[in-house]
Amino acid sequence: MIYLAGGPVRDALLGRPVADLDFVVEGDGPQLAKEIAAEIGGQVVVHPRFSTASVALEGTRVDVVTARRETYSQPAALPDVTAGSIADDLHRRDFSINALALPLVDSRPQVLDLHGGLDDISLGLVRSLHPNSFVDDPTRIFRAVRYQQRLGFSIEDDTLAQLRDAVAGGHIASLTPDRVRHELERIFQEDEPAPSLQCLSALGVLGAIHPSLAYPQAETHLAAVAASQREIAPPGHLVYVAALTYPLSEAQAEAVIQRLSMPANWARLVRDTVRVKVLENALAVSHAAPAALARQLDGFCPEALWAVSRLTCSPAAAQRISGYLNELRCTAPALDGSDLLAMGVPQGPLVGRLLQELRDAKLDGRVSTELQERRLVQAVLTNEGSTTVHG
Ligand code: CTP
């Protein structure tokens with residue numbers, strides 16, 4: 001027998017769009033996936049360890065898995081998997097709302113609901129299937145919060161107590177960096193990541209990922225970036241990473257980068273955020289000319305600057321950073337490198353220095369037209385070694 005199971009059944013019952021189709025087969029899932037692909041011409045990828053397969057055709061993907069029983073050799077380890085019945089497959093799942101299956105039969109299919117998922121859908125409850133669920137798989141802590149926020153549900157009382165016990169019991173510490181980061185990434189992909197992250201903060205989950213992520217203003221910071229993300233073109237989910245790491249010292253930032261095994265773009269963002277934060281006081285009282293300000297902020301990634309401008313307590317620093325992001329950063333001279341070469345500037349470091357000088361001059365209002373830029377270049381060329389060019 002073949003069943004549609006988990007998320008798609010839940011979402012169809014809730015009247016929400018169904019994104020991915022997940023099929024469970026009592027039998028050999030990968031074999032069925034191969035037969036489907038042979039018939040419709042799709043690509044099959046098989047993951048033998050979990051006896052799962054996916055078939056991709058024209059940008060659409062369906063998962064076909066063997067109904068399975070799971071046991072956990074130790075908490076937070078990946079489960080050991082053996083083939084089982086649909087009842088086993090539903091029993092291994094995280095929450096009752098995900099433990100629903102629709103048999104693909106010709107007429108009048110009835111949802112198979114062995115764990116009260118239909119009632120929980122109508123009550124709006126995220127309920128675990130057994131008390132050890134979060135200890136077996138602490139990623140479910142993140143999942144519970146994600147479903148709660150996405151669906152506007154509540155976490156059922158006993159489930160919430162189990163979740164809190166798993167957090168207090170230190171079980172998040174046993175998750176690998178990749179698994180924790182993956183759960184955060186899935187939250188970032190939600191329409192509204194901030195409420196889930198705020199909830200994780202309130203439940204002590206962020207602090208359990210790394211103690212330096214437990215700080216009183218975390219929820220306010222997340223709200224601040226979420227609110228201003230709606231006001232302007234969204235700079236992307238990385239601002240949430242910046243919001244979470246903003247108060248950290250450089251040493252704490254390095255520890256968090258390691259704990260989440262952050263990819264290079266996240267790590268750069270975190271490092272830049274804490275470094276820009278250190279500049280806040282100086283920026284607040286600075287009377288530096290635009291070119292000097294631009295040189296000070298040029299090397300930092302825009303998301304870090306954007307986040308700090310939203311999070312700083314100093315309106316003056318926020319204004320200077322925003323001014324840089326909205327105006328100075330995008331200012332470029334009219335002439336480019338090939339124009340300089342055509343004017344007789346010799347190939348080499350002088351080209352770069354002149355381009356920087358032209359940008360500085362434009363930022364500080366010393367030149368505003370291409371003709372003035374050309375005159376400035378000519379002046380340098382005729383007075384070689386001129387002090388006009390900063391080295
Ligand atoms: N599942 C689980 N425990 C996990 C991960 C997944 O029990 N730690 C089960 C759930 O029953 C879930 C199914 O595997 O419905 C598929 O997982 P996933 O694709 O992550 O869940 P969806 O419900 O499809 O999630 P989403 O709606 O976010 O895509």
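## Around the ligand

Let's start with the ligand and its neighbours: helices α1 and α6 each supply at least two residues of the shell around it. Of these two, α6 deserves a special mention, as the largest share of that shell, 6 residues, comes from it. Keep in mind while you look around that this is a predicted model.

How many residues surround the ligand? There are 15, and the closest are Arg10, Asp94, Asp137, Arg150 and Arg186. Sort the shell by class and you get 10 charged residues, 4 polar ones and 1 nonpolar one.

## Polar contacts

Now zoom in on single atoms. Arg10 reaches the ligand with its side chain: an N or O atom there is 2.7 Å from a ligand oxygen. Arg143 also uses its side chain, with a polar atom 2.8 Å from an oxygen atom of the ligand. Asp94 does it another way, since here a backbone N or O atom lies 2.7 Å from a ligand oxygen.

How much of the ligand does the protein bury? Taken alone, the ligand exposes 570 Å², and the protein buries 77% of that.

## The largest pocket

Where does the ligand sit? You'll find it in the largest pocket, which has a volume of about 1800 Å³. A total of 46 residues line this pocket, and the closest to its centre are Asp22, Asp63, Arg143, Tyr147 and Arg186. You've met two of those names already: Arg143 has a polar side-chain atom 2.8 Å from a ligand oxygen, and Arg186 is listed among the residues closest to the ligand.

Which elements build the wall? Helices α1 (7-14), α6 (139-151) and α8 (177-188) each give at least two lining residues, and so do strands β2 (21-25), β4 (52-57), β5 (60-66) and β6 (68-71). Once again α6 is worth a look, because the largest share of this lining, 6 residues, comes from that helix. As for chemistry, the lining has 21 charged, 16 nonpolar and 9 polar residues.

## The second largest pocket

There's another pocket to explore, the second largest, with a volume of about 180 Å³. Its lining is made of Arg16, Gln149, Arg150, Gln189, Glu190, Asp191, Glu192 and Pro195. One name should ring a bell: Arg150 is also among the residues closest to the ligand.

By class, the lining of this second pocket splits into 5 charged, 2 polar and 1 nonpolar.

## A closed cavity

Finally, how many cavities of 30 Å³ or more does the structure hold? Just 1, and the volume of this largest cavity is about 80 Å³. Leu184, Phe188, Leu206, Leu213, Val241, Leu244, Thr245, Val256, Leu260, Met262 and Trp266 line it.

Helices α8 and α12 (238-245) each bring at least two residues to the cavity lining, and α12 gives the most, with 3 residues. So which classes turn up here? The lining of the largest cavity has 10 nonpolar residues, 1 polar residue and no charged ones. Compare that with the shell around the ligand, where 10 residues are charged and 1 is nonpolar.

Methods
Residues numbered from 1 in each chain as written. Predicted model: local features only at pLDDT ≥ 70, side-chain atom pairs only at ≥ 80, totals over all residues. Heavy atoms only, no water. 1 Å grid on protein atoms, 1.4 Å probe; cavity = no way out; pocket = protein on both sides within 12 Å on 5 of 7 lines; lining within 4 Å. Points joined across faces, edges and corners; volume = space filled by probe spheres on them. Helix = DSSP H or I, 4+ residues; strand = E, 2+ residues; numbered from the N terminus. Nonpolar A, V, L, I, M, F, W, Y, C, P; charged D, E, K, R; others polar. Near = heavy atom within 4 Å. Polar contact = N/O pair within 3.5 Å; in protein donor to acceptor, adjacent residues only side chain to side chain. Areas by Shrake-Rupley, 256 points an atom, 1.4 Å probe, with all protein chains shown as cover. Sits in = over half its atoms within 2 Å of the grid points.
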